[in-house]
Amino acid sequence: MADIVFWIISALTVMSAAFVVLNNQLVYSAVALLFTLFGTAGLYVFLWADFIAGIQILVYVGGILVLVIFGIMLTNKIKSVRISHKSMQQGVGGVVIFWFFIFLFLALTKAPWVVTEAIEPVGTVRGIGILLLTDYLLPFEIISVLLLGALIGAAVLSRGDS
Amino acid sequence: MNSLDSYLFISSMLFCLGLFGVITRRNAIAVLMGVELILNAANINFVAFSKFNGMNLDGHIFALLVIVLAAAEAAVALAIIINIYNNMNTVNIDDVSELKR
Amino acid sequence: MENILSLLIWIPILGAIIVACLPRDNENLVRYISAAITGLEFIVAIVLWRAFDPVNGSMQFMERYEWIPSLNISYILGVDGLSLPMVLLTAMLFFIGVFVSWNIKKAVKGYFALYLLLNAGVLGVFLSLDFFLFYIFWEVMLLPMYFLIGMWGGPQREYAAIKFFLYTLFGSVLMLIGILGLYFTCGKTFDILLIMERAPEALNGVLWWGMSAAKVIWVLLFIGFAIKVPVFPFHTWLPLAHVEAPTAISVLLAGILLKLGVYGIIRVNYGIMPDQVYWFAAGLAFLGLVNVIWGGLCALAQTDLKKLVAYSSINHMGYSLIGIAAVVAAGEMNGSDLKAAQAGLSGAVFQMFNHGTISAMLFILVGVVYERAHHRDIDGFGGLASQMPIYTGITALAFFAGLGLPGFSGFVSEAMCFIGAFPVFKAIVVLSTIGILLNAAYFLWAFQRVFFGELNEKYKDMKEINGLELFTVIPLAIITLFFGIYPGPYLDLIKATMDQIIEKIAFAASYGVM
Amino acid sequence: MIENPMILFPLLILFLPLLSFIIVIFFGNKLPRQGDWVAVGSIVTTFLLACYLFLQMFLNYDPDFSHGASFSWINLGEFKINLGILVDNLTIVMLLIVTLVSSCTHIFSLAYMKGDIRYNRYFAYLGLFTFSMNGIVLADNLISMYMSWELVGVSSYLLIGHWFEKDSAANASKKAFLTNRVGDIGFFIGIMLLYSAVGAFAFNPIFESIAGGQAIAGTTLTIAGLGIFMGAVGKSSQFPLHIWLPDAMEGPTPVSALMHAATMVAAGVYMCVRLFPIFTPSALIVIAYIGAITAILAALIAVSQNDIKKVLAYSTVSQLGFMILAVGTGVYTAAFFHLLTHAMFKANLFYCSGSVIHSMHHALHKAHDHDTDPQDMRNMGGFKDKMPITYFSMLVSTLAIAGVPLFSGFLSKDAILAGTLSFAQHHPEHFLLPFFGFLAAALTAFYMFRLIFMTFHGNPNIKSIVKNIHESPKEMTSPIVLLGSLSFFIFYTLPHNFNPMKDKGWFTDLIVPRNSAVPGSLTSNEIAEYAHHAHYLAMGLSLIVASIGILLAYLMYQKKVISAKNISEKFGFFYDWSLNKFYFDENYNRYLYQPFLRLAHTISWLDWEFYDKYFINGFGKLTKLLSTVSGKFDYSGIDQGFVDGFGRASNTVGKLLRNVQTGRLQNYLLFVVAGILVIIIAQAF
């Protein structure tokens, strides 16, 4: 049962991602991205990463996707929802990426992954919290400063030359 | 059962699709979306390795950091794109070739 | 006292640094400091001489420090009867040379700094007993020389300097190959004394490209040294460099740098591969003959006084070559004639010293007249004898010393070279005695054209040689005369070392591979 | 050892002149009279010391009288050179000759050289000259003899070139030195040959070793002997190296006297006498012929010379030829005897000619005549009454040299001719030797009397000069008188023989010939025996030839019965050759010096213009060419063709790609991915 759900979610993720990439309507792409992100969150759940799944939905779906849609809105004159955009070098790119995938696939199947079995934890939040404030305190702080910097930078950049 | 390989397979597909998007799209925002896909693929890998390595939470931390980075990147990138649009009235990457001359 | 040899090398280096730090404007200060440094150097050399034990033929005052242990490179210095006279000569000529170059006007500071550096290089070559060190000093010598000729020389100075540089560099490259060959065959060491011990065994029967390794190394090293001597086919840098160099540098070139060649042949080629001497001696004597005749004939045809003296150097070094070839007389196959070997080798080493003093004198004297007349064309003078009697007298003395007149040291050494080489190389020696005639011919002819005849009107106000110039020449003249009348002190100094070399070569005849 | 006067005095004799040389050359200018008294004083002292030695010799009256001393000069263990002196009768006689003539020269020069610009140097050089000659005389080994030998050369160089402002003097001095050096080369080769065989330089060990016959013999010894003889050829101006001596007349006349009589040229004969034991019979033959040829050749030249000093010069060469001839025929003590007598009368002849020239000079000076050559005999004549001392003294010496009985020359020349004749009697194939000898003797008598008649007799050729001719001052006449009187036979036949026809006297008693060291040679007794048999024949013949010569001269130049002009025209060819000295100088110049100089220039040209310029610089040029080529290759080939070509190619490709893809960012990304792909593939395989 869980397998079937997993594969369904996986299929959803991949197909929506393909839609994001291949479709010609920008807004559709954004919507398809929503599904991809959701699917990814689902996969996180399967990976016992409850906290990450939540964050995924919160940040990506709630933040980034909205941001992207805002970006679309701000950079196109909205006549209809169909904002078309063209792709290029799809032929060559496709072939290259296809072979790239083949090799990636071969690599990951051939590689002798060391797998350590574990039991499902009750929750990951506690562990992540402890780690963040102990071992990863410095990266945490740095990434927060970076985030702050990025926010200020984004604000400054998008304010225009007034 | 859903082994490590399957997650890696999915993440690799996501990665390749994202890369394809980055390579083929003309619209900057669409490119950004491709980047998001790539980042997601990476995150799936992190979390998957985390799980299959004895539920080691380090991977989660990295995923978290990547998400934060993605957010920051998206914010800055969109700000730049909007700026570009304001200046050049287009978001087509081809047309933004001031540096090339 | 233990580090006296290091002192000898480092005083001039320090001096060069001091001179380089002096103010540019105060030229006299630079001169006085240089004179003081070379004077100190000379005193140290004399102290060394007094402390030296002439009965002991092996290395004395050895110093040995690790330097680059991973490549077995050490800092080894030592002095024996072969190098001591050369060290003394070097110290003396450099001291005198400062006064010869007293009138240098251009970039005085740079000149003397390079001059002192050259001094260090030359002493280093004479004193170092580690091939790596030896080679470094060999090259250190080259660089200041290049600039000294190239910047302070005559009209063709750049050409002369570059020619000198390329010639010598060519030689040193071959020498380096030879040294590396020894390094790798003799157990990866640069220690000359150690190589001397090991080489006969290590090189025995070793073949490189189907040729005996010892012969290949011998030839490589020989060419390296032959260019410095200079031996006949490699001699053409010399007239040019001598002519274009400033007086003091010509003095040093002829007085000391040429000796490095013969010194190197005796120290390195003879010391390390005594068995190969037998193979090469006839060639050496023949080259000596060619040097004598060729140099003499060329000198005869010169119209430039300095060039004449330069060619006479080639001629005189030929006697030295004939002399060192004579050691083979000590071998069994030549009847173990120790008399001849001793006469030849000691004569050659004596000739090195004598040519050092005599040619130095000649170049200084040519410099004196050049400074006054601004040309050196032999036919452009005439009758100077009545205008400058003292100068004429001293030049006559130098010329007679140069043509090997008895009573001057040159005669003793030349005669010893000939007498030594005669039993083995009869034909060569007989032919090279023509050199005695050539010597006399070119010196007397030049003397006549410059000094005899009616006084050239142009030079009737020519000033007599002054005190400073006399001061540079007189000591050399006295040394030349003293050793000409009583060569004993010099020969006693070198005797023990020469005997050791001869013994080694005589012994090598017994196992020599030929 | 040094306290022994027989060692100490010779050492003093040796070094006093050197001391005077050093003092006079360095301090002469500051001393009163330019230091000439130092030189004269020291030389007279040596003469007195020599007289003491001579007296000792007389008192001992021992033919084997000999002393020696030596010190180690070079000692290298095996190779040793000991320098030393050897004092025996030969040495003492020679020392006496040298110091006597040298003293006379010094005294004579006091007047002759008065006012010369380099007065002190002249006396200094005389000291050096005497020192070097004494060095040769006293040497007990080849090395110190060779050293002094060379020093004699150099002092002659300095003295001949005393008036170096004259080109001819400068040339003559150089010629003298170089010609001597040619001989010295042979000498040195001889020394080396002997040393390499014998292992010693000192005379006695060499003689012993040769007598042993083991170390050196046969051809090698002959070559060694001839090599050493070559030194004598140079120094004693024998054919073919005789050319320098007549030119050496450019020096001051007293120097000529010293050089011709006692030093320099005597050195060669002295050496032959000293080293006679080493000459093999075949070497002696060569020596004899060289001596004979020199004697006749120089006599033939002297016949036609007009310069008074040239005549004397060639007569010296001729007499030296006699001496060498005597050495060659084995009667070497006769050679030494002739050396002794010749030294006296030849020195005197030179002084007399110097006296004549001196007064001619003054007379010409007074007459303000600067064109007339004061040495040309054709400008003289009739000086007999004006200069009586000079005239009589010169006449005596001329009689001596011509070989007239009662005079010294007769004794010595007779001994030589007797030896030569006996040699030819035993070796008839060498009949030319006595023939040349007697012919030369006749010619000697002829040209010497020609000189006397032309100079002193007859009518003055230039009247204005004659009235100003005066006898020379005392400094000049006293040596003339002294030496002139020494030309009488009596001084040589003391103490027990007063027969002018017999040469037996102290000389023959004390200077006894030694046997040749060469095994198989004639002993000295045998030679003396043979010579004794030929004695009367030789005496008669020599008397006849001398009178013929004198008579001819008398008829031609005094009575003018026979016209010299007619004869010279009749024998124009010979006269021409004789006058021009058989064209030796010209031929040497043409076939020796010039080609040699050309060779030198060619070699120099080869060295500098060809070898250096094309070969050595050719290497440079070749390298330059190579670097140019490689530079060209580098630039147009690699850089332009390859690197730039690559650039161009990628440019083209890029353009192509640009045409298709317009070079966008994503394009590059694609390449990145493709590149990763390639790397993966490469890794995989």
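Among contacts in chain A between residues at least 6 apart in sequence, what percentage join residues at least 24 apart? The answer is 57%. Keep in mind, as we walk through, that this is a predicted model.

Let us stay with chain A for a while. Chain A is built from 6 helices and 0 strands, and from the N terminus on, its elements read α-α-α-α-α-α. Along the principal axes, the C-alpha atoms of chain A fill a box of roughly 55 × 40 × 30 Å. A compact globule of 162 residues would have a radius of gyration near 15 Å, but the value for chain A is 20 Å. Burial can be read alongside that figure: 29% of the 162 residues of chain A count as buried.

The domain assignment splits chain A into domain 1 (2-82) and domain 2 (120-162). Their C-alpha centres lie 22 Å apart. Where these two domains of chain A meet, domain 1 contributes 4 residues and domain 2 contributes 6 residues. On the domain 1 side of that contact, the residues divide into 3 nonpolar, no polar and 1 charged.

Now turn to the partners of chain A, beginning with chain B. Here the contact takes 70 residues from chain A and 60 residues from chain B. On the chain B side, helix 1 (4-24), helix 2 (28-52) and helix 3 (58-88) each supply at least two residues. Helix 3 of chain B gives the largest share of that side, with 21 residues. Sorted by class, the side of chain B that touches chain A holds 43 nonpolar, 12 polar and 5 charged residues.

Chain A also meets chain D, with 8 residues of chain A in contact with 7 residues of chain D. The chain A side of this contact is made up of 6 nonpolar and 2 polar residues, with no charged ones. A good place to look is V96(A), which lies in helix 4 (residues 90-110) of chain A. Is V96(A) buried or exposed? V96(A) is buried, because 23 other C-beta atoms lie within 10 Å, and the cut-off for a buried residue is 20 or more. Leaving aside residues up to four places away in sequence, V96(A) touches L670(D), V673(D), A674(D) and L677(D).

Chain C gives us another fold to explore. Its secondary structure comes to 20 helices and 4 strands, and its C-alpha trace spans about 70 × 55 × 40 Å along the principal axes. How does its radius of gyration sit beside that of a compact globule? For 514 residues a compact globule would have a radius near 24 Å, and the 22 Å of chain C agrees with this. In chain C, 63% of the 514 residues count as buried. Of the contacts in chain C with a separation of 6 or more, 80% are between residues 24 or more positions apart.

Two of the strands in chain C are worth tracing by eye. Strand 1 (residues 60-68) and strand 2 (residues 73-79) of chain C pair in the antiparallel sense over 6 bridges. Within this pairing, R64(C) has I76(C) in strand 2 as its bridge partner. The two strands of chain C form a hairpin with 4 residues between them, and N72(C) in the turn has a positive phi of about 60°.

For a contrast in burial, find V173(C) in helix 6 (residues 157-185) of chain C. V173(C) is partly exposed, because it has 13 other C-beta atoms within 10 Å. From C-alpha to C-alpha, V173(C) and I223(C) are 9.9 Å apart in space, while they are 50 residues apart in sequence.

Finally, consider the nonpolar cores. In soluble globular proteins, nonpolar side chains tend to be buried together. The largest nonpolar core here has 453 residues, and those with the most contacts inside it are V87(C), A326(C) and A335(D). Not counting residues up to four places away in sequence, V87(C) touches L8(C), A45(C), L48(C), V79(C), L123(C), F126(C) and L127(C). Apart from the largest core lies another, of 77 residues, and among them are I52(A), A63(B), A74(B) and L670(D). You have already met L670(D), as one of the residues that V96(A) touches.

Note on methods. Residues numbered from 1 in each chain as written. Chains lettered and ligands numbered in written order. Rg over C-alpha atoms; globule rule 2.2 N^0.38 Å. Buried ≥ 20, exposed ≤ 12 C-beta atoms within 10 Å, placed from the backbone. Pairing = 2+ DSSP bridges. Nonpolar A, V, L, I, M, F, W, Y, C, P; charged D, E, K, R; others polar. Domains from an automatic or database assignment. Core = buried A, V, L, I, M, F, W, Y, C linked by C-beta atoms within 7 Å.
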